[in-house]
Amino acid sequence: MASLAATFGRGAMTNGWTDIRNADVVLAMGGNPAENHPVGFRFVMEAKRNRNATLVCVDPRFNRTAAVADRFVQIRAGTDIAFLGGLINYALTHNRFHQEYVRLFTNAPLLVSERYAFDSARGVFSGWDAERRAYTDISSWTYDIGPDGYARTDPTLQHPRSVFQVMRQFYARYTPEEVSRICGCSADDFVKVADVITSTYTPDRAGTIMYALGWTHHSHSVQLIHAAAMLQLLLGNIGRPGGGLNALRGHANIQGGTDCGMAYHNLPGYIPVPKVGDETLNAFVTAATPRALRPNSTNFWSNTDRFVVSQLKAFYGAAATRQNEFGYRLHPRLPQSDGGAYENWSWAYIFDAMHDGGLEGFFSFGMNPVSNGPNSRKAIAGLSKLKWLVVAENFEQETAAFWRDDILSLVDLTPEDVQTEVFMLPAANFAEKDGSFVNSARWIQWKWKAVDPPGDAKPDQEIVARIFLKVRELYEQEGGTFPDPIRGLNWWYSNPTSPSLEEVSREINGWALEDVRDASGAVVVGRGRQLSRFLDTRADGSTLSGNWLYIGMFTDQGNLAQRRSTADPSGLGRYPEWTFSWPANRRILYNRCSADGDGRPWDATRVGIAWNGERWVGDTPDYTVDSAPGADLGAFIMLPEGVARLFVPGQFADGPWSEHYEPVESPVANPLHPEHSSNPAVRPFGSPFDTLGTAEEYPIVCTTYRLTEHFHYWTKNNPYAVQLQPEFFVEIPEELAREKGIANGDQVRVTSARGSIEGKAMVTRRIKPMQIDGRQVYQIGFPIHWGFLGRGAQRGSLANLVTPTVVDPNSFAPEYKGFLVRLEKV
Amino acid sequence: MSLELLRISASGSPAPGVRSVPAVTKLVDTTTCIGCKACEVACQEWNDLPPEPTTQTGTYQTLPDLTANFWNLITFNEHDDSGTLRWLMRKDQCMHCSEPGCLIACPAPGAIVQYANGIVDFQQDHCIGCGYCVTGCPFDVPKFNPRTRRVYKCTLCVDRVSVGLQPACVKACPTSCLQFGTKEAMLEIANRRVEQLKASGFARAAVYDPPGVGGTGVVTVLAFADQPELYGLPRDPTVPMAVSFWKGPLKWIGNLAMLGGLAVAAIHYVRFGRKEDPDQIPNPKDQIPNSTTRL
């Protein structure tokens, strides 16, 4: 999501599940949608059946998606940027890109700063400090800004420093032969699929990309997704029905979690968490509001102040007054660590701090860190240093039971050594409570409770509310260092111990606290009315909205997340009255790009929005319906340039665009630049558990994945799911199995520098040996889903015992895919 | 849709069905099956079947074969198509043959019926557990449960179909590789898909609807229809010769033999009268074997 937001402006799937039926080419890469998104995959099948769409699957394994794909190419895990770089180069050198689209809707015409450079021999961008081994100054990764404060441009794309020309030169290195050398597929196979994928550059064709954790689980994951974004922009596939870069979220509500402030550095609505240096509300808002980089650009974040103040009113209610800057003075801020950087509280850093003894307690709700985080042994050792641990779950799981003999023995501890007090709270599951899920397509979908939770199990909101009320009571009785934020929190719900989610939804959408007036003084939203438009929010405290992005989901018309109409006026499966889709019920993001400069759809059979001379018709446009196409407001309104970024100025930690870096553990040195083989911006952790292996000791590439039969570490408690996939297994190429004397069904052991696991061998033709840079390289893989607790064969084969705590420097996602192991028969 | 009977096992009397009912058919398009197994569990849940004990044997397939409690199995077969790997997934289940070998072989009156809509259904309360249906089936589908001593298989969700619902597996299928309707409608969809497959390079694609059993109530789209064995399907399934003979011409020979025997007995009775020693007449309770314990 870090990548999509920096490239397009919003961190979400650009189109939607139902729109995939409109594609001519579907590239499944970095995801296995048939396996992990089988229900959504029906739209791929509809595209195949009804449009004769071509499904291309690129993956380290011949998987269930490959089984129904028209083309399959096997690549080495962790080399996707090289493959995508090859596709970008193929599109540019064969003139298979949508020139007019690129000129209108991307930053290709903008000029790059003269100070920007890339050292292709060493593999580092300008600003690299060789001594400190870090990018110490990335100010050169920017545009050439003119005296008017706007980026200079060359609409002909000919200027040698135009993004277009610099990009062309940058990716020229990614020839089919180079792709073959790095990825292990043949140059011929690459060219064949490159031809299919780039065939969508014409206005009458559209292609989509579906990806998931196969792209996000790398030490270069954000750049990887950016490379795919560049390709789709060059092909003119963003913002169009049947196009898009579609991030498939792996859990029912992961998009909702991201939207509502789940990541440590974001508040709901992607408002950044204030930093300790942002002394005043004004300073914070100023820092969070970008300046427009093109003259007419909409730059929608210029409204940050309205969204922030409305959110503060939702958080602190009556305690948010003009005098205390609407509660900003009560608001927590991100502290600076010793090194001067702001503290990082993303997953791997939390467990690193825990392992260092820096945490006293830990709440784990709907999470199983021992199993689902990387490097399980480090997590177990970390938990053993806590004073207390609270786990709210449906089933007892490995984290709540980490103190068990067999689990602690993995880190050479016994239950007597550990003082952590563990509280296991039974929590209701999704079917035992109402509420909403926000799916990949940004649909906020209400769901209704099916059954009451069993026994003492409680819905999460009740568990959280009861803890909060108890804490508030203690603050009220005993004071404390800074009781005001807790005492002032806006807890207005009719049932304070278990707030109704209907009320919470109303609050997230927000309402007018006073009459809201327009510039002429006319009342646009009466006091007490629900908000229905972003720009009806005010920065003067007269509106309240928990998450500006969700405005429109719960209006005076009611809870629109409950809508279930299958009316489809577009005929393209947009279903505008099925639930509510953020933003503003827009079904395809950046839909301005579905039409040319004059507002005429590129493809009359697949209309996103169209200008009828007076107004935009079709999907919800990004700006007011009567703003003419010539107004040049920018198709990407969340970016200050108004255009999508091929070259990303100053957002990423590891470069303005995507270069192939090897996984941190790799069987070969980077053939492009061995000196900086893996991502130079990655910061390693230093605990004794953070060990890395060499190719000599661990010669086999390994990847982890999920099975359609199981959901994470949860369905191992369901006897039917357990029956379908009863035991942990390791998929092994036939040739490697023969070399090691391993037969199908034999017990094998996989060992990495972090740990080892055992399971049944699945010897298969579906993973083939590869030639990488002139050497034979084997890949193996295994699914997650097994552990110590649950039904069936739970023999401690936690996949993450072998994965490394190595994280992407932007998203901090761990490298679960593409690390090194050795394999032996037990 | 009402359940008019078309045929009843081991019964000479005409079936009571009087109305004409269209044959129902399930379409299995193996080329759009993703092997997700939703159908497997949907089948178990609808039919109240317990989960099976399984182990990992080096395959994605849940079980090696159908069982008495597992009537719907997705088979996974790897096939090397001249250098191109194929992973073929097929739904193994009762094919609901128009000429059902199981029904023809069945000696227990009413234990197997065929409805006018084509569904072949086992009536376990009439089943004697003899297992003749197992030998009669060219697809090796019916499975004997040694605990209940009855034989089981897919019912094509006859209980759902009879109230206008589609089978549970079809309902659960996310990709619509399973569809349900009249035979005519399903064949039309299947043939359209075959044309599409042929156009995209699968020259030997075809619909599997074997004539040797009179066609089936489950028709299957195969990309490699010239090699049905790749999917675990027999090339030319027919009702086994022994079963056809036994229930066909042989049955008449048998009947004649039996009539002959009766005639001889009658003549014997007329000529020599009743057998004298009553102690030698066995007690039927002790002697007649419990038919359900045989196999």
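**Strand pairing, salt bridges and enclosed spaces in the predicted model**

A:Val58 has A:Val73 as its bridge partner in strand S3 of chain A. The structure described here is a predicted model. Strand S3(A), residues 71-74, is joined to strand S2(A) by four bridges, and the two strands run parallel. Strand S1(A), residues 25-29, also runs parallel to S2(A), to which it is joined by five bridges. In this pairing, A:Ala28 is placed opposite A:Cys57 of S2(A). Strand S2(A) comprises residues 54-59, and five of these six residues are buried, so the strand is largely enclosed by the rest of the structure.

Elsewhere in chain A, helix H17 (residues 376-383) is likewise mostly covered, with seven of its eight residues buried. The buried residues of H17(A) are A:Ser376, A:Lys378, A:Ala379, A:Ile380, A:Ala381, A:Gly382 and A:Leu383. Their packing partners in chain A are three helices, H15 (347-355), H16 (369-372) and H18 (405-408), together with two strands, S12 (361-365) and S13 (388-393).

In chain B, B:Ile74 belongs to strand S3, which spans residues 73-81. The relative accessibility of B:Ile74 is 2%; because residues under 20% are classed as buried, B:Ile74 counts as buried. B:Ile74 and B:Gly35 are separated by 39 residues in sequence, yet their C-alpha atoms are 6.5 Å apart in space. When neighbours within four places in sequence are set aside, the contacts of B:Ile74 are B:Cys33, B:Gly35, B:Cys39, B:Glu40, B:Gln61, B:Met89, B:Arg90 and B:Lys91.

Charged side chains were then examined. Over all chains, the count comes to 57 salt bridges. One of them pairs A:Glu709 with A:Arg64, with an N to O distance of 2.7 Å. A:Arg64 lies in helix H4(A), residues 64-67, whereas A:Glu709 lies in the loop between strand S26 (700-705) and helix H22 (719-724) of chain A, so this salt bridge ties together parts that are 645 residues apart in sequence. Both A:Glu709 and A:Arg64 are buried.

A further salt bridge connects A:Asp596 and A:Arg600, whose closest N and O atoms are 3.4 Å apart. A:Asp596 has a relative accessible area of 13% and is therefore buried.

In chain B, the side chains of B:Arg7 and B:Glu99 form a salt bridge at 3.5 Å, N to O. This pair links distant parts of the chain, 92 residues apart: B:Arg7 lies in strand S1(B), residues 5-8, and B:Glu99 in the loop between strand S4 (84-92) and helix H2 (101-105) of chain B. B:Arg7, at 24% relative accessibility, counts as partly exposed, and B:Glu99, at 35%, also counts as partly exposed.

Salt bridges also form a network that includes residues of chain A and chain B. Its members are A:Arg61, A:Glu731, A:Glu734, A:Arg765, A:Arg766 and B:Glu78.

Empty space within the structure was examined next. Rolling a probe the size of a water molecule over the atoms reveals where such space is left. The second largest pocket has a volume of about 1,100 Å³. Its lining consists of 44 residues, and those nearest the pocket centre are A:Asp70, A:Arg71, A:Phe72, B:Thr84 and B:Arg86. The elements that each supply at least two lining residues of this pocket are H4, S3, helix H9 (187-197) and strand S30 (770-772) of chain A, along with S4 and helix H6 (183-199) of chain B. Strand S4(B) provides the largest share of the lining, namely six residues. By class, the lining of the second largest pocket divides into 22 nonpolar, 12 polar and 10 charged residues.

Enclosed spaces were considered as well. The structure contains eight cavities of 30 Å³ or more. The volume of the largest cavity is about 110 Å³. This cavity is lined by 15 residues, and those nearest its centre are B:Cys33, B:Cys36, B:Cys39, B:Cys173 and B:Cys177. The lining of the largest cavity comprises 11 nonpolar, two polar and two charged residues. Among these central lining residues, B:Cys33 and B:Cys39 are also listed among the contacts of B:Ile74.

Technical notes: Residues numbered from 1 in each chain as written. Chains lettered and ligands numbered in written order. Predicted model: local features only at pLDDT ≥ 70, side-chain atom pairs only at ≥ 80, totals over all residues. Heavy atoms only, no water. Buried < 20%, exposed > 50% of the residue type's maximum accessible area, 1.4 Å probe, protein only. Pairing = 2+ DSSP bridges. Contact = heavy atoms within 4.5 Å. Salt bridge = Lys/Arg side-chain N within 4 Å of Asp/Glu carboxyl O. 1 Å grid on protein atoms, 1.4 Å probe; cavity = no way out; pocket = protein on both sides within 12 Å on 5 of 7 lines; lining within 4 Å. Points joined across faces, edges and corners; volume = space filled by probe spheres on them. Nonpolar A, V, L, I, M, F, W, Y, C, P; charged D, E, K, R; others polar.
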